[in-house]
Amino acid sequence: MRLLAAVVLLVQAVIASPARTADTIEAHYRAAGPWAVATADVPGYRLSYPADLGAGGFKHPIITWGNGTNAVPTQYSGVLNQLASWGFAVVASTDTTTGTGSEMIAAAQYLIGRNTDTSSVFYGKLDVTKVGAVGHSQGAGGSVNTATKSAGLIDTVVPIALPAPIWVSSGDAFSVSRLTCPVLFLSGAKDVLISPNSAIQAYYGEVPGAAAKALLKGAGHNTIQGTGGGFLGYLTAWLMYQLQDDAYARGAFAGAIPEINTNAGWQNQVEKNLP
């Protein structure tokens, strides 16, 4: 029995973390992960997930995704498929307004519900204790609201191109000072109108706990759409660190010299209170 348990653990480790062939943490996680990806459309949601769900007994963390204003999940296929290839089960609301967080909370709860649905491909294969909220622009604000309005459901947040306060409608207002889970603020260095460094730095300063921020050089407000551009590596690494306890990915943001701080492709990098 001990030998069988050891074999199962070894299989899980191989599936979850392939051999590191890249020179940097960013490059390693910018590449597609070890899981083949499947997609499905159900009423209200686009699902992206590992095709071989639960292989080796692996339990997949959940990511709920928030679209930018008037955008739909197919405009983010690069990032959604990337995260699925690294073992996450991703649910993206098809709603084109996700700023309140209610749509993203409902999406997360939808996928959590499938874990106990015997007719679902997700039955018994999700880690419902590890849930992240990730979103772009209006959906970035929605990701913050998802975390602060869902009674501890969310374990980490990644707002991408979070709009400055002037662009946020009263109905979509969010408060980063209420975040109790680790947050990574990502934006583009060329996004000087909607999500400039001054706004992101202010948001970062308001977070009472664990946080990090960085701006991708050459990136604009919508660079995350399509292939996901240069955001994929560190976005994936952060979620692997926070939701899959990946020690290698942690080195991108924590430790004596976080890799992202020495990466010439990024600027305005800073971290605090990271475990």
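These are my notebook entries on a predicted model, written for someone meeting it for the first time.

**Ground rules**

I number residues from 1 along each chain as its sequence is written, and my side-chain values use heavy atoms, with hydrogens and water left out. Since this is a predicted model, local features need pLDDT of at least 70 and side-chain atom pairs count only at pLDDT 80 or more, while totals for chains, interfaces and linings use all residues.

**Entry 1: helix H3**

I started with helix H3, residues 77-85. Helices (H or I, at least four residues) and strands (E, at least two) are DSSP runs, numbered from the N terminus. How many of the nine residues of H3 are buried? I found seven, so the helix is largely enclosed by the rest of the structure. Buried means under 20% relative accessible area, exposed over 50%, and partly exposed in between (1.4 Å probe, protein chains only). The buried ones are Gly78, Val79, Leu80, Gln82, Leu83, Ala84 and Ser85.

I then looked up what these buried residues pack against. The partners are helices H2 (25-30) and H7 (232-243), along with strands S1 (37-42), S2 (45-50), S3 (60-66) and S4 (89-93). Just after H3, I noted that Gly87 has a positive phi of about 100 degrees.

**Entry 2: Phe88**

Phe88 sits in the loop between H3 and S4. Is Phe88 buried or exposed? It is buried, with a relative accessible area of 0%. I listed its contacts (heavy atoms within 4.5 Å), leaving aside neighbours within four places in sequence. Among them are Tyr49, Pro61, Ile63, Leu83, Leu239 and Leu243. I also checked Phe88 against Ser137, 49 residues apart along the chain, and their C-alpha atoms are separated by 22 Å.

**Entry 3: the largest pocket**

Ser137 came up again when I turned to the largest pocket. The pocket holds about 230 Å³ of space. On a 1 Å grid over the protein atoms alone, a cavity is a set of points where a 1.4 Å probe fits but cannot get out, and a pocket is an open set with protein on both sides within 12 Å along at least five of seven lines; lining residues have an atom within 4 Å of a point. Grid points are joined across faces, edges and corners, and a volume is the space filled by probe spheres set on the points.

Which residues lie nearest the centre of this pocket? Of the 20 that line it, they are Thr69, Ser137, Gln138, Pro163 and Trp167. Helix H5 (residues 138-149) gives the most to the lining, with three residues.

**Entry 4: a nonpolar patch**

Trp167 turned up once more, in a nonpolar surface patch with Ile166, Val192 and Leu193. The patch covers about 500 Å². Patches are made of residues with over 30% relative accessible area and no salt bridge: like charges are joined within 9 Å, nonpolar side chains (Val, Leu, Ile, Met, Phe, Trp, Tyr) within 5 Å. Accessible areas come from the Shrake-Rupley method with a 1.4 Å probe; for residues, only the protein chains shown count as cover. I placed Val192 in the loop between strand S7 (183-188) and helix H6 (197-206). Val192 is exposed, at 62% relative accessible area.

**Entry 5: salt bridges**

I found four salt bridges in the structure, each a side-chain nitrogen of Lys or Arg within 4 Å of a carboxyl oxygen of Asp or Glu. One of them joins Arg46 and Asp41 at 2.7 Å, N to O. Arg46 is partly exposed at 21%, whereas Asp41 is exposed at 56%.

In another, Lys130 meets Asp245 at 3.4 Å, N to O. Lys130 is in strand S5 (residues 126-136) and Asp245 in the loop between H7 and helix H8 (247-250), so this pair ties together parts that are 115 residues apart in sequence. Asp245 is exposed, with a relative accessible area of 60%.

**Entry 6: two asparagines**

Last, I looked up two backbone angles. Asn268, in strand S9 (residues 266-272), has a phi near 55 degrees, a positive value in a residue other than glycine. Asn268 is partly exposed at 31%. Asn273, in the segment after S9, has a positive phi near 60 degrees. Asn273 is exposed, at 54%.
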